[in-house]
Amino acid sequence: MSRTAVVTGAARGIGAAVAARLATDGYAVALVDLDAGAAQAAAEQIVAAGGRARGFGADVADEQAVARVVEEITAELGAPTVLVNNAGIIRDNLLFRMSVEDWDAVMGVHLRGAFLMSRACQGAMREAGWGRIVNLSSTSALGNRGQANYSAAKAGLQGLTKTLAIELGRFGVTVNAIAPGFIATDMVRATAERMGVGFEEFCAGAAEQIPVGRVGQPEDVAAVASFLAGEGSGYVSGQVIYVAGGPKA
Ligand code: NAI
């Protein structure tokens with residue numbers, strides 16, 4: 001069986017941590033990102049640590065780019081049997097200020113991107129009779145002020161997860177979602193900047209509201225992705241696992 005894993009949005013943040021973790025788990029990892037140079041740099045760090053990895057540039061919302069990159073990955077690392085749909089963007093605004101462009105951009109990366117990547121990778125998984133798809137949802141799927149687009153996309157990913165679990169289960173493919181709460185990454189840093197709050201201060205304020213008393217790190221998500229991508233999770237499918245330091249956002 002091919003031990004190739006694809007992680008989208010893997011140049012930094014949660015995706016980079018998931019890629020590094022899957023490499024430690026023994027997968028050859030394809031790091032796909034809009035930013036090909038940064039994806040390759042992240043891959044080189046994995047290689048320096050003894051793993052097998054390569055960076056690839058692609059926009060996951062672009063049908064042709066997705067087809068091309070999955071072909072490249074198959075040729076260079078082997079047919080992928082693990083896919084982590086992690087690429088994401090935020091374009092926050094209250095409804096009355098939200099532009100159609102910001103709605104479409106968020107839907108495009110999260111939902112269309114996960115659909116296109118899953119469709120492009122499922123053939124290899126069915127052929128192998130084994131596969132794992134992990135989608136990055138969010139606690140924002142439960143509703144979050146200023147995130148009508150993002151919240152709808154992240155809730156949509158939960159529906160996609162459950163439906164693909166039903167369709168692909170018979171081929172040995174499980175499909176699950178991870179819904180992180182506050183994870184300290186550049187995405188959150190950008191939100192803090194927009195609100196005019198320092199990153200440390202923003203994290204400290206958030207930590208006070210989180211039952212485990214700290215904010216999440218990319219590695220907290222990577223540990224759960226590792227479980228869901230592994231052999232031992234074969235009877236877990238169509239689930240949404242909240243990784244939020246507590247039961248709710
Ligand atoms: P990030 O902004 O640090 O990294 C996202 C990566 O995705 C970037 O490298 C970016 O270049 C890439 N990307 C964006 N659009 C792309 C496209 N069209 N095609 C390919 N790559 C693209 O974000 P972070 O925080 O690491 O988040 C990763 C995922 O986790 C996202 O789906 C995000 O929505 C989700 N998430 C993050 C949370 C957090 O608190 N940081 C909480 C809940 C969910």
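**Exercise 1. Find which strands helix α5 lies across in this predicted model.**

Start with the helix itself: α5 covers residues 148-168. Now look at what sits against it, and you'll meet β5, β6 and β7. Compare directions next: α5 runs at about 160° to β6.

**Exercise 2. Work out the strand order of the sheet, and say why β3 and β7 each have one side without a neighbour.**

Walk across the sheet and you'll read β3-β2-β1-β4-β5-β6-β7. That's 7 strands in an open sheet, with parallel pairing. Now check the ends: β3 (52-57) and β7 (240-243) stand at the edges with a single partner strand each, so one side of each has no neighbour in the sheet. On average, neighbouring strands are turned by 20° against each other, ignoring direction.

For a closer look at one pair, take β5 (residues 131-136) and β6 (residues 173-180), which run parallel and are joined by 6 bridges. Here Arg132 sits opposite Thr174 of β6.

**Exercise 3. Check whether the length of helix α4 agrees or disagrees with its residue count.**

Count first: residues 100-128 make 29 residues. At 1.5 Å a residue they should span 42 Å, and the end C-alpha atoms are 41 Å apart, so the two agree. Don't picture a straight rod, though: α4 bends by about 40° at Gly108. Just past the end of α4, Gly129 has a positive phi of about 70°.

**Exercise 4. Describe how α3 and α4 cross, and which residues make the contact.**

Two numbers describe a packed pair of helices: the angle between the axes and the distance between them. For α3 and α4, the axes come within 10 Å and cross at roughly 35°. The crossing is right-handed. From α3, the contact uses Glu63, Val66 and Val70. From α4 come Arg112, Leu116, Met117, Arg119, Ala120 and Cys121. Sort these contact residues and you get 6 nonpolar, 3 charged and no polar.

Definitions and conventions. Residues numbered from 1 in each chain as written. Predicted model: local features only at pLDDT ≥ 70, side-chain atom pairs only at ≥ 80, totals over all residues. Heavy atoms only, no water. Pairing = 2+ DSSP bridges. Helix = DSSP H or I, 4+ residues; strand = E, 2+ residues; numbered from the N terminus. Axes fitted to C-alpha atoms, helices over the stretch in contact; angles between N-to-C directions. Contact = heavy atoms within 4.5 Å. Expected span 1.5 Å × (residues − 1). Bend = angle between axes of the 7 residues up to and from the residue. Left-handed = near helix turned anticlockwise from the far one by under 90°. Nonpolar A, V, L, I, M, F, W, Y, C, P; charged D, E, K, R; others polar.
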